[in-house]
Every structure is written in structure tokens, then in C-alpha cells.
Amino acid sequence: MDRLKIDEPALAGAALEDFTLAEDPWPLFAAWMAEAEASEAEDPNAMALATAGADGLPDVRIVLLKGADRRGFVFYTNVDSAKGEELAQNPQAALVLHWKSRRRQVRARGAVTRVTPEEADAYFASRHRDSRIGAHASRQSRPLADRATLMAEVAELAARYENAAVPRPENWTGFRIEPVTIEFWQNGDYRLHDRVRFTRDGAGWSRSRLYP
Ligand SMILES: Cc1cc2nc3c(=O)[nH]c(=O)nc-3n(C[C@H](O)[C@H](O)[C@H](O)COP(=O)(O)O)c2cc1C
């Protein structure tokens with residue numbers, strides 16, 4: 001997997017000691033993400049994404065974190081999917097990353113906005129050609145009669161774009177979760193885990209410890 005690029009200097013030897021914590025969460029997030037990339041066997045950037053539409057019933061699924069910087073956490077998906085519809089009804093979400101090898105989790109909550117078309121175009125262009133074809137073929141979250149139907153559509157699209165660039169589908173883009181809270185959890189002995197929560201405070205952040 002490509003390393004997730006985080007435009008943030010990582011804290012060296014980051015632990016949840018007060019003296020190593022910065023005033024904002026991003027250096028620690030960058031450090032933990034880099035350490036997870038070094039140790040997780042698969043998809044260190046896989047995160048559970050929770051949304052709730054107008055009916056208020058929470059929904060959750062895994063997506064890949066494809067960008068993280070001071071603006072927020074970015075993932076890509078089909079806007080006509082269940083999650084896309086839920087976000088259209090209620091543009092707020094929560095996420096959690098769990099790194100088993102590190103015995104850590106990071107949670108965040110916040111409002112969700114779409115990335116710019118230019119940002120989505122740039123990421124779409126970086127994807128494998130077959131993934132770009134797949135984005136066109138998948139009517140994500142809609143009923144599918146059988147797998148053969150999908151594969152026939154993929155073959156038809158591959159032929160159509162054989163000698164042409166595969167454009168980004170209009171209904172495929174990125175979303176950015178702009179966090180109002182980010183919480184770091186580190187496993188501790190005897191369930192005495194370490195929890196530190198950063199809460200958006202004007203242009204900055206406030207920081208507090210929580211009982212495990
Ligand atoms: C490891 C993993 C990574 C995934 N990454 C994405 C992703 O980045 N974007 C996406 O739309 N779906 C991704 N999926 C599929 C989603 O979990 C989900 O099945 C799909 O987005 C439809 O969700 P929805 O019906 O709630 O919209 C991933 C699944 C797994 C297990």
C-alpha cells in the first residue's frame with residue numbers, strides 16, 4: 001500500500017505522557033499513523049466510518065483514510081451509496097481507527113464536507129486503472145442480480161475506455177471529516193488505559209484526560 005502522506009511532523013517517540021503532547025492533535029496523529037503503517041499487516045488506514053441519516057439510525061462500515069491534515073480526515077466513495085445518502089441528509093460523521101499491533105485506537109467526530117473537484121480528480125487519477133473502471137461499474141449499495149452482471153459491465157466499460165483516459169464518475173468523490181474532537185487511546189496494563197481527548201476550541205484545541 002502507498003504510505004498515507006500526512007503533512008505534519010511526527011512527534012518522536014510519541015507516548016501519551018503530558019510532556020510529549022503538543023497543544024494540538026496532529027503531530028501525535030501523524031506519529032501514530034506512521035507507526036501503524038510500519039507494524040499493521042494490512043490496511044493500517046482502514047477506519048470505521050459511522051453516519052446516521054434523517055431517521056437517526058446509526059450505520060457503520062470500513063473505508064480507507066486517504067488524507068489527513070489540519071483540515072481533517074479524507075475518504076473517497078460513491079455519493080449515491082447508502083453512506084452518501086446518509087451524509088446528504090446529515091453531513092456529520094464519526095470515525096475510529098484501531099491498530100491491533102499497537103493496541104491503540106483513534107476516534108474523531110465532526111462535520112463532513114466534500115473535497116474540491118480538483119482534489120478528487122487528483123486522487124482518482126492516482127488509482128489503478130481497474131479501480132477507476134470499477135468506480136464506474138459499481139452502483140454502490142444498490143441491489144445486484146448476480147456477480148456476472150457486474151463483471152459484464154466491467155468488461156463493457158474496459159472496452160469503452162480501452163484507448164481513453166477513464167474520467168472520474170460524477171458521483172464519485174471525497175469527503176472530509178472536520179474533527180471537533182479527536183481522542184487517542186493507548187492500551188494500559190490491567191485495563192488502566194490511557195485516554196487523551198482534544199476538543200476544538202476556537203482556532204485551537206483544548207486537551208483533557210479521560211478515565212479509561
Ligand atoms: C478494508 C476495507 C476498505 C474499504 N474501503 C472503502 C473505501 O475507501 N470507500 C468505499 O466506498 N468503500 C470501502 N469499503 C467498502 C465499504 O465497507 C462498504 O461496503 C461500501 O462502501 C458500501 O457502504 P454503504 O452501503 O454503507 O455506503 C471498504 C471495505 C473494507 C473491508
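**Largest pocket and helix α3 of the predicted model**

At least two residues of the lining of the largest pocket come from each of β2 (58–64), β4 (72–78) and α4 (129–137); helices (H or I, at least four residues) and strands (E, at least two) are DSSP runs, numbered from the N terminus. The model is predicted, so that local features need pLDDT of at least 70 and side-chain atom pairs count only at pLDDT 80 or more, whereas totals for chains, interfaces and linings use all residues. Residues are numbered from 1 along each chain as its sequence is written, and side-chain values use heavy atoms, with hydrogens and water left out.

On a 1 Å grid over the protein atoms alone, a pocket is an open set of points where a 1.4 Å probe fits, with protein on both sides within 12 Å along at least five of seven lines, and lining residues have an atom within 4 Å of a point. The largest pocket holds about 350 Å³ of space. Its lining comprises 16 residues, with Y76, T77, R127, Q140 and W172 nearest the centre. Seven of the lining residues are nonpolar, six polar and three charged.

In helix α3 (residues 117–126), A120, Y123 and F124 are buried (under 20% relative accessible area, 1.4 Å probe, protein chains only). The buried residues of α3 line one face of the helix, because they fall within an arc of 100 degrees when seen down its axis. On the other side of α3, E118, A125 and S126 are exposed (over 50%). The cover over the buried residues of α3 includes β4, α4 and β7 (172–186).

Methods:
Grid points are joined across faces, edges and corners, and a volume is the space filled by probe spheres set on the points. Ala, Val, Leu, Ile, Met, Phe, Trp, Tyr, Cys and Pro count as nonpolar, Asp, Glu, Lys and Arg as charged, and the others, Gly among them, as polar. The arc is that of the directions from the helix axis to the C-beta atoms. Contact means heavy atoms within 4.5 Å.
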